[in-house]
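Here's a quick tour of one fold, taken a piece at a time. Have the viewer open and follow along.

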Amino acid sequence: MPHVLFISGAIGLGHATRDLAIARALRALVPDVRVDWLAADAARDVIRDAGETLLPEAARYTSGMGAVEFSADGFVLNLANPRHLLRIGPGLHQMLRFKRDLEANVSAFKDVTRRTAFDLIVGDETYELAYVLARNPALRTAPFALIVDFVGVEAMTRNPIERAIVHVANRGWAALLTRVPPVCDLILFVGEEADVPDTPFGFRLPNRRESARRGVEFLGYICPFDVAAYADKAAVRARLGYGEEPLVVCSVGGTAVGAALLELCGSAFPLLRERSPTLRMVLVCGPRISPASLDVPPGVEVRGYVDRLYEHLAVSDLAVVQAGGTTTLELTALRRPFLYFPLEEHFEQQVHVAGRLARHGAGVRMRYSETTPASLAAAILANLGQDVSYPPIQTGGAQRAAELLARRLAPRAGGAS
């Protein structure tokens, strides 16, 4: 029985859903494969609820989400900005906590791989493990595949310290893609070649897209559902408990950073009801925001974590979302109108996700710091129920990933313990 260790270590629940989709596709190709999991924070519950096997060390594995949320300043999140990194007292404590979290992840990985001989190790954005394995190749006891959805980081301000931090990080990215021998046996990029900026990593560093062509396998996109299953919008609405009223679904993903955006949506609700008296607004908090903590007016529905959120997005007349890579991708695949708010100073949402959406002509980009309840209400009414014509996107990335992983697994299949 071939044995795979799958590590879902990224921040955000979208990573867990795509990891599960890849695991399901791999089982379809290799029916006798055994998959055991390490998973961080909220992803553990999603993976456990899907019936997967979590190893005991998963309880020690973390994405460092608490330190990340502490670093946020309202709707601003920039981990390389010294304004957040160098806060005296609590800031230093969180930096040390983040370092301890990463060390705990490496320790859990070592314990698991010493105890069990795996035939393949798959990590979703487990950069700390890639770093450790590059420095100590003896720890790589099986082929190691890394899943990523961006290449390189960006400086979002002119602060010279931030720019220096970004340059060092991009030197690491360049080494990840070009080093001989390679750091990883396989790097899977969730997206298309055009999603990688055709720019250098930095001064005297190689071009990102050219490096990616040599160093990664492009998967296309991963959706955990069949878009055609939601063609009958009325039937799905009835199953989910919605009627014919205009429906606005607002979601901010798996962290607590987006609470302010949900409250902004709630503030727009009375203005929307003046123009559309039957409009229904649902705020989805996710696992890190308590519904009771939000200050919203009567009539707004507030929910915690919603399983299969994409079903609710599929039947919405408009979605208002943070610019998470998975949620905006699902809305694009479902061809639903949506407004998206990239976290300010967050390089991935501001550059990589927003750039991809612009390329596909999907969604309407908004800026939180420039949006009032009145301007949000106007944007919602202008886009509510609009027919959209986003071009079709490739959504077979899980199958493509499984095929590439199965090839790495095949030569060793049958030899696992």
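## Starting from one residue

Where is the place of Ala 145? You'll find Ala 145 in strand 5. Keep in mind as you look around that this is a predicted model.

Is Ala 145 buried or exposed? With a relative accessibility of just 1%, Ala 145 counts as buried, because the cut-off for that is under 20%. Leaving out residues up to four places away in sequence, Ala 145 touches Ile 121, Val 122, Gly 123, Leu 186 and Leu 405. There's a link across the sequence too: Asp 185 sits 40 residues away along the chain, yet the two C-alpha atoms are 5.8 Å apart in space.

## The sheet around it

Now zoom out to the sheet. Seven strands form an open sheet in the order 3-2-1-4-5-6-7, and the pairing is parallel. Strand 3 and strand 7 (217-218) are the edge strands, each with a single partner, so one side of each has no neighbour in the sheet.

Helix 15 (residues 397-409) packs on this sheet, where it touches strand 1, strand 4, strand 5 (144-148), strand 6 (186-189) and strand 7. The direction of helix 15 makes about 175° with that of strand 6.

## Strands 1 to 4, pair by pair

Strand 1 (residues 3-8) pairs with strand 2 in the parallel sense over six bridges, and Phe 6 stands opposite Trp 37 in strand 2. Strand 1 also runs parallel to strand 4 (residues 120-124), joined by five bridges; there, Leu 5 has Ile 121 as its bridge partner.

What about strand 2 (residues 34-39)? Five of its six residues are buried, so to speak of it as mostly covered is fair. Strand 2 is joined to strand 3 (residues 53-54) by two bridges, again running parallel, and Trp 37 turns up once more, with Leu 54 as its bridge partner in strand 3.

The connections are worth tracing as well. Strand 1, helix 1 (residues 13-29) and strand 2 make a right-handed β-α-β unit. Strand 2, helix 2 (residues 43-49) and strand 3 make a right-handed β-α-β unit too.

## A helix pair

Next, look at helix 12 (residues 325-334) and helix 13 (residues 347-360). Their axes come within 10 Å and cross at roughly 10°. That makes helix 12 roughly parallel to helix 13, because angles under 35 degrees count that way.

Which residues meet here? From helix 12 it's Gly 325, Thr 328, Leu 329 and Thr 332, and from helix 13 it's Val 353, Arg 356 and Leu 357. Sorted by class, this contact has three nonpolar, three polar and one charged residues.

## Two more spots to check

Asn 105 lies in helix 5 (residues 90-115). Its relative accessible area is 0%, so Asn 105 is buried. Setting aside neighbours within four places in sequence, Asn 105 is in contact with Arg 60, Tyr 61, Thr 62, Glu 128 and Leu 129.

Val 388 belongs to the loop between helix 14 (373-383) and helix 15. At 25% relative accessibility, Val 388 counts as partly exposed. Not counting residues up to four places away in sequence, Val 388 touches Arg 335, Arg 336 and Pro 337. As for Glu 330, 58 residues from Val 388 along the chain, the C-alpha atoms of the two are separated by 14 Å.

Methods: Residues are numbered from 1 along each chain as its sequence is written. This is a predicted model: local features need pLDDT of at least 70, side-chain atom pairs count only at pLDDT 80 or more; totals for chains, interfaces and linings use all residues. Side-chain values use heavy atoms; hydrogens and water are left out. Axes are lines fitted to C-alpha atoms, for helices over the stretch in contact, and angles run from 0 to 180 degrees between N-to-C directions. Helices (H or I, at least four residues) and strands (E, at least two) are DSSP runs, numbered from the N terminus. Angles under 35 degrees count as roughly parallel, over 145 as roughly antiparallel, 65 to 115 as roughly perpendicular and the rest as oblique. Contact means heavy atoms within 4.5 Å. Ala, Val, Leu, Ile, Met, Phe, Trp, Tyr, Cys and Pro count as nonpolar, Asp, Glu, Lys and Arg as charged, and the others, Gly among them, as polar. Buried means under 20% relative accessible area, exposed over 50%, partly exposed in between (1.4 Å probe, protein chains only). Two strands pair if DSSP finds at least two bridges between them. A crossover is right-handed if, with the strands pointing away from the viewer, the path from the first strand over the helix to the second runs clockwise.
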